[in-house]
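User: Please take a close look at a single part of this model and describe it in detail. Give the cut-off for each term where it first comes up.

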Amino acid sequence: MERYIAVPFSEEELKELHAGDYIYLTGTIYSARDAAHKRMYDAICVEQEKHPEVEYSGAKLYEDQILPLDITGNTIYYLGPTPAKPGQVIGSAGPTTSSRMDKYTPLLLSKGLKGMIGKGKRSQAVIDAIVKEKAVYMAAVGGAGALLSKCIKESEVIAYDDLGTEAIRKMRVENLPVIVVIDSEGHNLYETAVADYLKENN
């Protein structure tokens, strides 16, 4: 199924997304790769260790300035763009291998993150967290960074500027094409696609 969806996601939209859906995202998303994930993960862990009695949501973590953005309901694109050329909003914007974020993802999902965009498989721990938190994992086409960058209409570094290309960016996208790989029920396109192929060719 092909759908046009606004981000951040609504709960109803998340429930209606299924592995294998082609969707076009319009709205606000954020970029972050492994260095930024580690920094956010460490910040949350330190705060929870200091105040184990406090229930921290993404919004509270943001309001208390522990995190540089409110991750509640938002989507992170695993992206480290190349430098923008004159007249460009952003450089090549292809996805990073998602497994590099697997260590940090379950914690961020537990704090309210709802969408992730990258490429490649996820660990079982991440899949379990996606189901528990009713989130979704999407894939962008690797090797198509120049084309994907045209869907990014605004880009602003909002945190961790010292990380260079791995800094966190707030981005406004229009019709960014992605494929739902793991939906909120845990259906996994990487598994079903292989099974369907074997079934058709046996």
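Analyst: **A charged pair and the helix after it**

Arginine 122 and aspartate 102 are both buried (under 20% relative accessible area; exposed is over 50%, partly exposed in between; 1.4 Å probe, protein chains only). The model is predicted, with local features requiring pLDDT of at least 70 and side-chain atom pairs pLDDT 80 or more, while totals for chains, interfaces and linings use all residues. Residues are numbered from 1 along each chain as its sequence is written, and side-chain values use heavy atoms, without hydrogens and water.

The two residues form a salt bridge, their closest N and O atoms lying 2.7 Å apart (a side-chain nitrogen of Lys or Arg within 4 Å of a carboxyl oxygen of Asp or Glu). Arginine 122 sits in the loop between β4 (115–118) and α5 (124–133), and aspartate 102 in the loop between β3 (75–77) and α4 (105–110), so this pair ties together parts 20 residues apart in sequence. These elements are DSSP runs numbered from the N terminus (helices H or I, at least four residues; strands E, at least two). Elsewhere, Glu154, Arg172 and Glu174 are joined into one network by salt bridges that share partners.

Next comes α5, where Val126, Ile127, Ala129, Ile130 and Glu133 are buried. Their arc around the axis covers only 160°, which puts them on the same side of α5 (the arc is that of the directions from the helix axis to the C-beta atoms). The partners against which the buried residues of α5 pack are α4, β4, β5 (136–139) and β7 (168–182), with contact meaning heavy atoms within 4.5 Å. Lysine 134, just after α5, has a positive phi of about 55°.

Other salt bridges can be set beside the buried pair, since the search of the whole structure finds 12. One of them links lysine 38 with aspartate 42, and the closest N and O atoms are 2.7 Å apart. Both residues belong to helix α2 (residues 34–50), and because they are four residues apart, about one helical turn separates lysine 38 from aspartate 42. An α-helix has 3.6 residues a turn, so residues three or four places apart point the same way. Lysine 38 is partly exposed at a relative accessible area of 40%, and aspartate 42 is partly exposed at 31%.

Lysine 60 and aspartate 64 also meet through their side chains in a salt bridge, at 3.0 Å from N to O. Here lysine 60 is partly exposed, with a relative accessible area of 29%, and aspartate 64 is partly exposed, with 39%.
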